[in-house]
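Colleague: Got a minute to walk me through this one? I'd like the overview before we get to single residues.

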Amino acid sequence: MKKIIKIVLSSISVILVALTLILIIANVSAMRKEKPVSVFGYSFSYVPTESMKPVINPNDVVIFKKCQYNNLDVGDIIVYRSKTGNTAGIYIIHRIKEITNEGFVMLGDNNNGAVDPELVTKDMLVGKFVKVFNAFNIGKIASNKNVIFFILVIIVMVIIVMEILNIYTTFQKDKIKAVEEKRKQELLDEIRQELLEEIKNEKEKAKD
C-alpha cells in the first residue's frame with residue numbers, strides 16, 4: 001500500500017513539473033507575441049493607465065477569464081484588443097456602456113464620459129474581468145516580462161529540487177528501514193537459535 005502511495009505521489013509530482021514546464025513555454029510564447037499570460041483559461045496582466053480608477057488603479061494586476069461574447073451585459077468590465085488608431089494591437093480594459101448590433105460601446109470609468117473610439121466586436125474580445133490581485137506588490141513585478149520569466153523558471157527549479165530531495169529522502173528512509181529490518185531479523189534468529197540450544201541442552205541433561 002505504501003509503495004502504491006509513493007508511486008502515485010511521485011507520478012503527481014512529475015505531472016506537476018511537466019505541467020509547469022508546459023505553462024512556462026506557453027507563457028514565454030505569449031509574452032513574445034505580447035499576449036496576456038494564460039493559465040487554465042484565466043489570464044493576468046498589469047494595468048499601466050488610470051482609465052479605470054478607482055476600481056482599477058495604475059500598476060494593478062487584473063485577473064480575467066475567457067467568456068462568451070453573447071453572455072456579456074452592460075456594466076461588465078472586459079479586456080479587448082484594439083484594432084484601430086493609435087491603440088491598434090493594445091489590450092484595453094474598460095466597461096461596457098451600451099450593447100449595439102454592431103458591437104459594444106466601451107467606456108473607462110475615469111474617462112469623464114468619453115467613450116472609446118471603436119466598437120468592440122466578437123473577434124476583439126479577450127476576456128471578462130474577475131478581480132484585482134496585488135499581493136506581494138506583484139503589479140511592479142508583472143510590468144517586467146523578464147522578471148516574470150525568471151520567476152517562472154525559479155518556480156520550476158524549486159519544484160524539481162524539492163522532488164529530487166523528496167525522492168532521495170524516501171530512498172534513504174527505505175534503505176535504513178531495510179537495514180533495521182534485516183538486523184532485527186538477525187537478532188530474532190540469534191535468540192531463536194540460542195533458545196533451541198538451551199532446550200537441547202536441557203533435554204540432554206534430563207536424559208543423564
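Modeller: Sure. The chain exposes about 14700 Å², and carbon and sulfur atoms supply 61% of that. Keep in mind that this is a predicted model.

Colleague: What share of the residues is buried?

Modeller: Buried residues are 24% of the 208 in the chain.

Colleague: And the secondary structure, how many helices and strands?

Modeller: There are 3 helices and 7 strands. Along the sequence the pattern reads α-β-β-β-β-β-β-β-α-α.

Colleague: What about contacts with a separation of 6 or more: what part comes from residues 24 or more positions apart?

Modeller: Those pairs account for 55% of them.

Colleague: Okay, the inside. Which residues form the largest nonpolar core?

Modeller: It has 11 residues: Tyr69, Leu72, Ile78, Tyr80, Ile92, Ile96, Phe104, Met106, Val120, Met124 and Leu125. Strands E4 (77-81), E5 (91-99) and E6 (104-107) each supply at least two residues of this core. Another core, of 9 residues, lies apart from it. Val47, Met52, Ile56 and Ile77 are among the residues of that other core.

Colleague: Take Met106. What is it in contact with, beyond four places in sequence?

Modeller: Ile78, Tyr80, His94, Arg95, Ile96, Lys97, Val115, Asp116 and Val120.

Colleague: Asp116 caught my eye there. Where is it, and is it buried or exposed?

Modeller: Asp116 sits in the loop between E6 and strand E7 (125-132). Asp116 is buried, yet it has no salt bridge.

Colleague: Which side chain of opposite charge is nearest, then?

Modeller: Lys97, and that is 11 Å away.

Colleague: So what does the Asp116 side chain make a polar contact with?

Modeller: The side chain of Tyr80, at 2.6 Å. Tyr80 is also one of the residues of the largest nonpolar core. Beyond four places in sequence, Asp116 also contacts Ile92, His94, Met106, Leu107, Gly108 and Asn111.

Colleague: Switching topic: Arg81. Which strand is it in?

Modeller: Arg81 is in strand E4.

Colleague: Why call it partly exposed?

Modeller: Because its relative accessible area is 32%, and partly exposed runs from 20% to 50%.

Colleague: Where does the Arg81 side chain reach?

Modeller: The backbone oxygen of Gly89, at 3.1 Å. Not counting residues up to four places away, Arg81 touches Gly89, Ile90, Tyr91, Met124 and Val126.

Colleague: And how are Arg81 and Leu125 placed?

Modeller: They are 44 residues apart along the chain, with their C-alpha atoms separated by 6.7 Å. Leu125 belongs to the largest nonpolar core.

Conventions. Residues numbered from 1 in each chain as written. Predicted model: local features only at pLDDT ≥ 70, side-chain atom pairs only at ≥ 80, totals over all residues. Heavy atoms only, no water. Core = buried A, V, L, I, M, F, W, Y, C linked by side-chain atoms within 4.5 Å. Buried < 20%, exposed > 50% of the residue type's maximum accessible area, 1.4 Å probe, protein only. Helix = DSSP H or I, 4+ residues; strand = E, 2+ residues; numbered from the N terminus. Contact = heavy atoms within 4.5 Å. Lys, Arg positive; Asp, Glu negative; His and termini not counted. Salt bridge = Lys/Arg side-chain N within 4 Å of Asp/Glu carboxyl O. Polar contact = N/O pair within 3.5 Å; in protein donor to acceptor, adjacent residues only side chain to side chain. Areas by Shrake-Rupley, 256 points an atom, 1.4 Å probe, with all protein chains shown as cover.
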